[in-house]
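Subject: Structure handover

Hello,

Here is the structure I said I would pass on. My notes on what I found in it follow below the display.

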Amino acid sequence: MAPQYKDYCELQTASPPIPISSGPGGNNNAHALYCPNPDCSCIVIKAGVAVKTPTDVSITLPPYITSPTSPSAAAAGSLHPPFYWKLTDMMQFENIGFTKPVEHSTPTTSISSSNLTLNNSDAPQQFQFRYLSCADCDVGPLGYHHGPPTGQNPAEQVGLGAFGAGVGGQMEKEFLIAADRVRYKCGA
Ligand SMILES: [Zn+2]
C-alpha cells in the first residue's frame, strides 16, 4: 500500500481507527511526522523518536500559516494543540527551522524568595523561546523550543552547585511539535 499522509483530524476520525502513538510506554509517535504543507515532502521527525507530552496551556502558539506566500490561507491547527510531540535533543530532528529567540515570561515564579543566593527571585522567569518551522518551506510555527531561563547560564552559577544541583539544572531543554500541525505518514 502506498503511504498516505494524514493530518491529526483524519487520524482521529479514520475507520478503522489509526493509533497515533505506540512503543513500550505507548507514548511514542507511531508514524513519521511531516511538514503540514501538502506541496512539501519534508520529514520532521522519524517514527518512534518523539514522546507524547501534555500541552502547557500557559503557552499560546501564534496562528499557523500554511503558506508563506498566502497568509490568508492560515488557520489549520489550534493555538493550544491537543498535545505535543517532545524531543529533548535537537539532533533527533530530521529537519527543522528555528525563528530568532523571543522572550517569554512565566506568570508565576517557582523560586522561593527566601533563597537570597538567586538573582531576580521576585521577578517572573524569562525563558528564551524559539518557534519551530519547516526547514524547507518555512510554514509554521509547528511548535516551539525553550531552554533554561535567561541569566541562568550554568557557568555563572558558581555558588549554586551548578551543573545539575541548581535550579538551572532542572530546566530540561524541550523541543515541542504541535500534534495538529504536522502530517502523519501512514502505511508502508
Ligand atoms: Zn515544508
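Two strands are taken to pair if DSSP finds at least two bridges between them. On that basis β1 is joined to β13 (residues 183–186) by three bridges, and the two strands run antiparallel. Q4 stands opposite C186 in β13. Please note that this is a predicted model.

Overall content

The chain has one helix and 13 strands. Along the sequence a strand comes before the helix, and the rest of the pattern is strands. Of the 188 residues in the chain, 27% are buried. Among contacts between residues at least 6 apart in sequence, 63% join residues at least 24 apart.

Confidence

The pLDDT averages 77 over the chain, and 67% of the residues score at least 70. Two stretches should be set aside before reading further. Over residues 107–121 the pLDDT stays under 50, and the model has 15 contacts beyond four places in sequence for them. Residues 154–170 also have a pLDDT below 50, with 19 contacts in the model beyond near neighbours in sequence. Where pLDDT is low, the predicted coordinates should not be read in detail.

The four-stranded sheet

The β1 and β13 pair belongs to an open sheet of four strands, in the order β1-β13-β4-β5, with antiparallel pairing. Its edge strands are β1 (4–6) and β5, each of which pairs on one side only. From one strand to the next the twist averages 40 degrees. Strands of a sheet pair through backbone hydrogen bonds, either parallel or antiparallel.

Going inward from β1, the next pairing is that of β13 with β4, which is antiparallel over three bridges. Here L33 stands opposite Y184 in β13. β4 is then joined to β5 by two bridges, again with the strands running antiparallel. The bridge partner of Y34 in β5 is I43.

Pairings of β7

β7 pairs with two strands that I list separately from the sheet above. Three bridges link β7 to β6 (residues 51–53) in the antiparallel sense, and K52 has W85 in β7 as its bridge partner. Four bridges join β7 to β12, and these strands run antiparallel. W85 appears here too, with I177 in β12 as its bridge partner.

The nonpolar core

Which residues touch the most other members of the largest nonpolar core? They are L33, V44, I45, W85, L142, I177 and V182, in a core of 28 residues. At least two core residues come from each of β4 (32–34), β5 (43–45), β7 (84–87) and β12 (174–178). β12 gives the largest share, four residues.

Several of these residues were met above as bridge partners: L33 opposite Y184, and W85 with I177. V44 is a useful place to start when looking at the core. Leaving aside neighbours within four places in sequence, V44 is in contact with L33, Y34, C35, F93, E94, N95, I96, L142, I177 and V182. Among these contacts, L33, L142, I177 and V182 are also on the list of core residues that touch the most other members.

Loops and backbone details

Two peptide bonds to proline are cis. The bond from S15 to P16 has omega near 0 degrees, and P16 lies in the loop between α1 (8–13) and β2 (21–22). The bond from G140 to P141 has omega near -5 degrees. P141 sits in the loop between β10 (126–133) and β11 (143–149).

D138 is also in the loop between β10 and β11. Its phi is positive, about 75 degrees, although D138 is not a glycine. D138 counts as partly exposed because it has 16 C-beta neighbours inside 10 Å, where 20 or more would make a residue buried and 12 or fewer exposed.

P101 is in another loop, between β8 (97–98) and β9 (102–105). With 15 C-beta neighbours inside 10 Å, P101 is therefore partly exposed as well. Not counting residues up to four places away in sequence, P101 touches Q128, F129 and R130. P101 and H146 are 45 residues apart in sequence, yet their C-alpha atoms are 9.1 Å apart in space.

Regards

Note on methods: Residues are numbered from 1 along each chain as its sequence is written. This is a predicted model: local features need pLDDT of at least 70, side-chain atom pairs count only at pLDDT 80 or more; totals for chains, interfaces and linings use all residues. A nonpolar core is a set of buried Ala, Val, Leu, Ile, Met, Phe, Trp, Tyr and Cys residues joined through C-beta atoms within 7 Å. Two residues are in contact if their C-beta atoms, placed from the backbone, lie within 7 Å. Axes are lines fitted to C-alpha atoms, for helices over the stretch in contact, and angles run from 0 to 180 degrees between N-to-C directions. pLDDT is the predictor's confidence in each residue, from 0 to 100.
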